[in-house]
Amino acid sequence: MSDCIFCKIVNGGIPCSKVYEDEDILAFNDIAPARPVHVLVIPKKHISSLMTATPEDAPVFGKMLAKANEIAASQGSSDGFRVIINNGRVGGQEVPHLHMHIVGGPDPVGPMLKKL
Ligand code: 5GP
Ligand code: ZN
């Protein structure tokens, strides 16, 4: 999609700090890291969110998950990490190109959510 910032990163129109790339996925450091390790993993194909995903997207999602440990360890989170995918308004998604956050570092990332 021409007006999508993550598609522009895939196409090289916007620079990124690349961590991993293959024919299907790209991983790069988050511009505003929330933890010492904060990588975004995206499908190269524009998929808006899990709200619009189809069964045909399953292989690329599987690859994103299967590569997560290697990516996390390569950035210094070798003793565990957290993956997060925000979806839509309720999920707090800001960039409408599906992305998996990998957050971690040397120390535990802390509680997942505060209770209401
Ligand atoms: P969301 O809230 O949509 O799950 O997360 C969007 C993430 O993208 C945020 O953590 C934000 O810091 C990151 N981000 C937004 N624009 C850019 C950019 O141009 N480059 C990089 N590397 N990260 C970005
Ligand atoms: Zn896109």
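**Strands 1 to 3 and alanine 53**

In strand 3, valine 41 is the residue that serves as the bridge partner of alanine 27, and I would like to begin from that pair, keeping in mind throughout that what we are looking at is a predicted model. Strand 3 covers residues 37–43, and it runs antiparallel to strand 2, to which it is joined by five bridges.

Let me turn now to the other neighbour of strand 2. Strand 1, which covers residues 18–21, pairs with strand 2, residues 25–29, again in the antiparallel sense, and here there are three bridges. If you follow the chain from strand 1 to strand 2, you pass through a hairpin of three residues. Two of the pairs can be named: lysine 18 has phenylalanine 28 as its bridge partner in strand 2, while glutamate 21 has leucine 26.

How many of the five residues of strand 2 are buried? Four of them are, so strand 2 is mostly covered.

Finally, I would like to move along the chain to alanine 53, which sits in the loop between strand 3 and helix 2, the helix of residues 58–66. Is alanine 53 buried, exposed or partly exposed? Its relative accessible area is 28%, and because buried means under 20% and exposed means over 50%, alanine 53 counts as partly exposed. Leaving aside residues up to four places away in sequence, alanine 53 touches Ile47 and Phe61. As for leucine 98, which is 45 residues away from alanine 53 along the chain, the C-alpha atoms of these two residues are separated by 9.3 Å.

Key: Residues are numbered from 1 along each chain as its sequence is written. Chains are lettered from A and ligands numbered from 1 in the order in which they are written. This is a predicted model: local features need pLDDT of at least 70, side-chain atom pairs count only at pLDDT 80 or more; totals for chains, interfaces and linings use all residues. Side-chain values use heavy atoms; hydrogens and water are left out. Two strands pair if DSSP finds at least two bridges between them. Helices (H or I, at least four residues) and strands (E, at least two) are DSSP runs, numbered from the N terminus. Buried means under 20% relative accessible area, exposed over 50%, partly exposed in between (1.4 Å probe, protein chains only). Contact means heavy atoms within 4.5 Å.
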